[in-house]
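Dear colleague,

Please find below the structure that I am handing over to you. My findings follow directly after it.

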Amino acid sequence: MDILSKIEDVKAQIKSYKSQGKIIGFVPTMGNLHKGHLQLVSQAINTCDVVVSSIFVNPLQFDKQADLKAYPRTLEDDSNSLRDLGVKLIFTPTPEIMYPKGLDNQAVVEVLPLSNMLEGKLRPGHFRGVATVVNKLFNIIQPDYAFFGEKDFQQLAIIKQMVKDLSLDVIIKNVPIVRESDGLAMSSRNNYLTENERKIAPSLYQTMLWIKQQLLENNRTDYAKILEQANVKLEEKSFKRDELFLRDAKNLEEISQDTTHIVILMSAHLGKARLIDNMVISLS
């Protein structure tokens with residue numbers, strides 16, 4: 001396995017793979033890998049001849065410098081995990097390599113309207129940073145397939161729309177959320193939880209199941225009241241409310257008579273951790 005940090009070195013290796021007719025799969029990450037990340041890699045291994053991964057904590061998508069500095073860097077452990085699974089190349093650039101002119105002098109990609117709604121409205125610039133770095137990584141790696149988890153539902157929708165809008169020659173493969181046995185979605189953020197908070201954290205998933213029950217079994221359509229009741233349930237479990245939406249899963253717009261699938265998009269703070277999750281519900 002090669003670990004390369006320079007763009008020109010990565011491009012040269014990719015050119016070699018392509019000259020051999022290899023199908024290239026790509027898994028972009030910010031490191032601090034957990035089983036959810038490794039599931040993405042496993043799917044890529046099963047689909048492609050060569051799997052490339054990147055480990056880059058992207059400063060362009062952080063709206064708080066404290067969060068950027070606090071993000072765990074575990075390059076050695078991550079590299080060992082990727083090597084064990086069969087990844088052939090890890091791209092580990094620095095911010096100076098990715099943004100040589102600095103963050104304020106960098107061409108950016110903004111996927112409208114998705115980037116500026118829901119979480120994007122509450123975190124201005126976040127999805128611009130995500131779309132920009134993913135687009136740049138696609139241009140460097142030139143993958144045939146790229147693999148993303150469904151846990152970041154809005155991010156996945158933005159990347160798919162970017163690929164379509166910019167006519168990028170890559171197929172996006174989404175991989176289902178990987179959960180702990182108690183329902184908690186696997187995330188690097190779970191490392192911030194104390195032992196007691198970890199016991200409480202599955203309430204996020206349980207609250208989604210309650211919302212699903214209200215929609216399907218009780219046939220409720222008073223969405224605003226359902227969301228408020230769900231937030232109260234979370235606060236009773238010591239969560240601090242953050243985001244909770246019910247939207248059309250197809251386009252993230254408001255639910256209408258034409259909606260066939262509803263997505264629950266939720267996040268909440270528990271101690272130092274901001275936990276996110278989602279669930280798609282079929283109305284048919």
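The notes below describe the sheet, the helices packed on it, the later strands and two loop residues.

Please bear in mind throughout that this is a predicted model.

**The parallel sheet**

Six strands make up an open sheet, arranged in the order β1-β4-β3-β2-β5-β6 with parallel pairing. Its edges are β1 (2-4) and β6 (171-175), each of which pairs on one side only. From one strand to the next the twist averages 25°. At the β1 edge, three bridges connect β1 in the parallel sense to β4 (residues 89-91), and within this pair isoleucine 3 stands opposite isoleucine 90 of β4.

Two helices are to be noted against this sheet. Helix α1 (residues 7-19) packs on it and touches β1, β2 (24-29), β3 (50-55) and β4, with a direction at about 150° to that of β4. Helix α7 (residues 126-141) lies across β2, β3, β4, β5 (145-149) and β6, and runs at about 150° to β2.

**Helix α1 in detail**

The 13 residues of α1 reach 18 Å from the first C-alpha to the last, close to the 18 Å expected at 1.5 Å a residue. Which residues of α1 are buried? They are Ile7, Val10, Ile14 and Tyr17. Viewed down the helix axis, the buried residues fall within an arc of 85°, and therefore line one face of α1. The general background is that an α-helix has 3.6 residues a turn, so residues three or four places apart point the same way. The buried residues of α1 pack against β1, β2, β3 and β4, and also against α5 (95-98) and α7. On the face turned away from the buried side, α1 carries the exposed residues Glu8, Lys15 and Ser19. Just after α1 comes glycine 21, which takes a positive phi of about 75°.

**The antiparallel strands**

Further along the chain, strand β7 (residues 240-248) runs antiparallel to β8, and eight bridges join the two. In this pair phenylalanine 245 stands opposite leucine 265 of β8. Strand β8 also pairs with β9 (residues 273-282), in the antiparallel sense and over ten bridges; here isoleucine 264 stands opposite methionine 279 of β9. The hairpin of β8 and β9 has two residues between the strands, and glycine 271 takes a positive phi near 60° in it.

Is β8 (residues 261-270) largely enclosed or largely open? Eight of its ten residues are buried, so β8 is largely enclosed by the rest of the structure.

**Two loop residues**

Aspartate 152 is found in the loop between β5 and α8 (153-165). With a relative accessible area of 27%, aspartate 152 is partly exposed, because this value lies between the 20% under which a residue counts as buried and the 50% over which a residue counts as exposed. Leaving aside residues up to four places away in sequence, aspartate 152 touches Ile276 and Asn278. The C-alpha atoms of aspartate 152 and glutamine 20 are separated by 34 Å, and the two residues are 132 residues apart along the chain.

Serine 187 lies in the loop between β6 and α9 (195-200). Its relative accessible area is 11%, under the 20% cut-off, and serine 187 is therefore buried. Again leaving aside residues up to four places away in sequence, serine 187 touches His34 and Lys151.

With kind regards

Note on methods: Residues are numbered from 1 along each chain as its sequence is written. This is a predicted model: local features need pLDDT of at least 70, side-chain atom pairs count only at pLDDT 80 or more; totals for chains, interfaces and linings use all residues. Side-chain values use heavy atoms; hydrogens and water are left out. Two strands pair if DSSP finds at least two bridges between them. Helices (H or I, at least four residues) and strands (E, at least two) are DSSP runs, numbered from the N terminus. Axes are lines fitted to C-alpha atoms, for helices over the stretch in contact, and angles run from 0 to 180 degrees between N-to-C directions. Contact means heavy atoms within 4.5 Å. Buried means under 20% relative accessible area, exposed over 50%, partly exposed in between (1.4 Å probe, protein chains only). The expected span of a helix is 1.5 Å times one less than its number of residues. The arc is that of the directions from the helix axis to the C-beta atoms.
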